[in-house]
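User: Please take a close look at one open sheet in this model. I would like its strands, their pairing and what packs on them.

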Amino acid sequence: MNAPALQFDGVEKSYPYFKLANVSFELATGQIMGFIGPNGAGKSTTIRILMGMVLPDRGAVRVLGHSMPQEQALAKWDIGFMSEEMRLYGYATLGWHMDFVAAIYPTWDARYAATLLKRFDLRREQKMKSMSHGQHMKSILLLVLARRPRLLVLDEPMTGLDPVARHEVLSELMSAVTDETRSILFSSHHTQDVEQISDQITFIDRGRIIESSDKESFLDRWRRLQLELPTGLQLPVLPGIVDVKSAGGRLAAVTTNAFTPALASAYQEAGACVREIQHMSLEEIFVAEVMGSRKEIVA
Amino acid sequence: MNRSVFWCIVRRDLRFSGILIAASLILGAVGFAFGGHGKIGSFVSTILLITGGLAPGIFVCSIFIWGERKEKSRLFALSLPISPTRYALAKGLAALLAYVVPWTVLAATAIVGYTLLSVPSGSAPLFATMWLFLLDVFCLFLCITLVSDSDGLFTAGIVFVNTSIAPFFFVMQNIPSIGSHVADATASWGPAAFTTMGVEVVVALVTFTFTAYRISRMRDLV
Amino acid sequence: MHSSSELLISQADGRPMYLQLMDQIRRRIAAGDWPPGHELPSIRALAADVEVSVITVKRAYLELEREGVIVTRQGKGSFVASGVDLGTELRRRELDEHLTAAAQLALALGLSSEELEARLREIRDELAAKERS
């Protein structure tokens with residue numbers, strides 16, 4: 001299992017008001033990748049290119065060893081795709097869809113599908129148009145999960161799901177990768193979920209990949225230092241500082257994406273007292289990163 | 001393996017358009033029944049035949065092709081192991097079959113009526129040119145729904161479908177060799193009729209070719 | 001939802017997940033639930049059980065091995081290290097961590113060693129009184 005599950009190499013795509021530039025990243029087999037970024041950053045476009053639904057202007061995409069979009073029909077036998085925008089046929093029932101998918105894919109697991117029906121609290125006989133948004137999403141997830149595909153590509157799978165449903169879905173995703181031949185790429189605004197189950201995090205903003213690395217080292221590089229300064233002290237300008245917030249008077253909070261113990265010492269040597277060195281949640285990192293880059297544009 | 005998904009989609013669309021296919025056949029049959037019963041009978045017959053010969057087909061395109069794209073059920077279909085081109089071809093084929101099967105049945109019924117059942121065949125040239133015209137209108141509409149993403153073009157298509165029949169009829173009726181002999185017992189097939197039919201067949205073929213060409217050149221499908 | 005290993009990662013806990021996991025594993029070992037030689041769940045199984053990424057579990061196992069708390073045998077899995085009174089050792093380490101944190105805070109507050117000791121004694125007395133009642 002050495003070949004990556006998917007590979008983007010220098011992918012570019014231009015639209016009138018948006019450009020995806022030099023997108024390159026890779027997902028190793030058996031891993032979960034969390035794909036995050038602000039609205040309009042290019043997540044959905046990237047995923048569509050991944051699925052062969054959009055032809056890039058430049059660059060190469062390989063999924064499960066197949067070139068996309070040319071070999072997409074072959075690749076999609078092993079890919080389970082779900083998007084928050086996707087809809088099933090309104091006038092058909094969930095049961096019809098289950099039979100439809102089961103007839104196409106030889107890997108359909110009817111027993112597992114029945115289990116998921118119960119866990120997601122869905123009914124076979126219900127017509128899709130009479131379902132709530134959350135039920136519709138769960139139905140699509142059921143169809144995708146019951147096939148046990150080698151690669152799951154999920155574009156905002158948690159949107160519209162209540163906390164119980166989200167938990168069930170997370171649970172199913174995690175049990176999928178107990179099989180190390182299976183991989184998952186999912187995009188989500190729920191940074192908590194991404195932080196919890198991702199092995200790798202890929203961060204996109206304004207059509208560019210800001211970051212694509214393993215979660216632990218990514219989270220490890222970020223810290224917030226709470227400093228106490230004697231009045232009138234100017235903080236030294238140090239590399240890797242993303243933001244400095246003055247909390248009035250003598251307190252300051254410094255956000256860094258390149259933390260080393262030497263950084264804390266540098267501040268101490270400059271005369272500031274380091275009261276606390278805090279780890280940051282993915283949500284805090286996300287906000288700091290995006291706000292930081294937006295300030296640069298304005299400045 | 002690609003082919004089985006292709007046919008699953010075709011079969012699914014055909015099954016769900018069953019009602020529309022039936023409607024086409026029923027309207028056409030009733031239309032034939034009204035034919036030849038005086039002026040009002042002919043009028044009603046014409047309306048029913050035109051409706052039955054076109055409306056269901058337009059609905060099929062609007063619901064199963066255009067509607068599905070708008071509703072994003074297309075994303076579901078594209079997640080299946082099929083290329084977007086073959087998917088578009090499957091949708092096109094299903095819509096075409098849903099239209100052409102009843103169209104052929106009704107055309108055959110008319111032919112049988114005119115030749116074997118001694119229905120006065122004066123109206124045959126008009127029927128033939130009209131029937132092929134409906135096919136052309138359908139093909140154009142199918143092309144628009146398969147190939148374009150533009151709401152404007154779709155609306156223009158609907159408008160065209162609704163407003164083109166009357167002018168066509170008007171023109172045909174005023175061509176002496178076609179329109180003047182409608183009440184006759186035997187048909188008078190003239191060059192006007194054959195030319196018109198020839199043009200109509202060519203239009204259908206050109207539309208097909210153009211549609212197939214555009215489908216094969218699709219770059220962004222969602 | 002109770003996982004079968006009954007290890008829990010809390011999002012509300014501010015610490016990194018791998019540290020929480022290490023803590024929980026150490027506690028189970030210290031309590032005697034996982035005796036020396038006991039086989040730990042496979043990385044993937046534990047990840048699915050606790051609903052935490054595989055990489056986090058890997059890191060936790062790696063750090064625990066570095067500390068000598070567990071031993072990983074290539075191809076066989078990870079086992080609780082055999083050692084006398086690992087429980088007590090772990091407890092002592094935990095105590096040291098708490099004392100270090102307390103000492104740092106005392107420094108920040110400007111307390112002297114004597115003041116810190118006095119405060120510690122006060123707290124111990126309070127605890128003892130509560131237990132008697």
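Analyst: The sheet comes first, then the contact between the chains. This is a predicted model, in which local features need pLDDT of at least 70, side-chain atom pairs count only at pLDDT 80 or more, and totals for chains, interfaces and linings use all residues. Residues are numbered from 1 along each chain as its sequence is written, and chains are lettered from A and ligands numbered from 1 in the order in which they are written.

The open sheet has four strands, in the order β12-β13-β11-β14 of chain A. Pairing is antiparallel (two strands pair if DSSP finds at least two bridges between them). Strands are DSSP runs of E, at least two residues; helices are runs of H or I, at least four; both are numbered from the N terminus. β12 (241-246) and β14 (273-279) of chain A are the edge strands, each pairing on one side only. Neighbouring strands are turned by 20° on average, direction ignored. Axes here are lines fitted to C-alpha atoms, for helices over the stretch in contact; angles run from 0 to 180 degrees between N-to-C directions.

Inside the sheet, β11 (223-228) and β13 (251-256) of chain A pair in the antiparallel sense over six bridges. L225(A) has V254(A) of β13(A) as its bridge partner. Helix α9 (261-269) of chain A packs on the sheet. Helix α9 touches β11, β13 and β14 of chain A, and its direction makes about 155° with that of β14(A).

Now the chain contact. Chain A gives 19 residues and chain B 22 (contact: C-beta atoms, placed from the backbone, within 7 Å). In chain A, α2 (72-75), β6 (79-83) and α3 (94-104) each supply at least two residues. α3(A) gives the most to this side, with three.

How values were computed
Contact = placed C-beta atoms within 7 Å.
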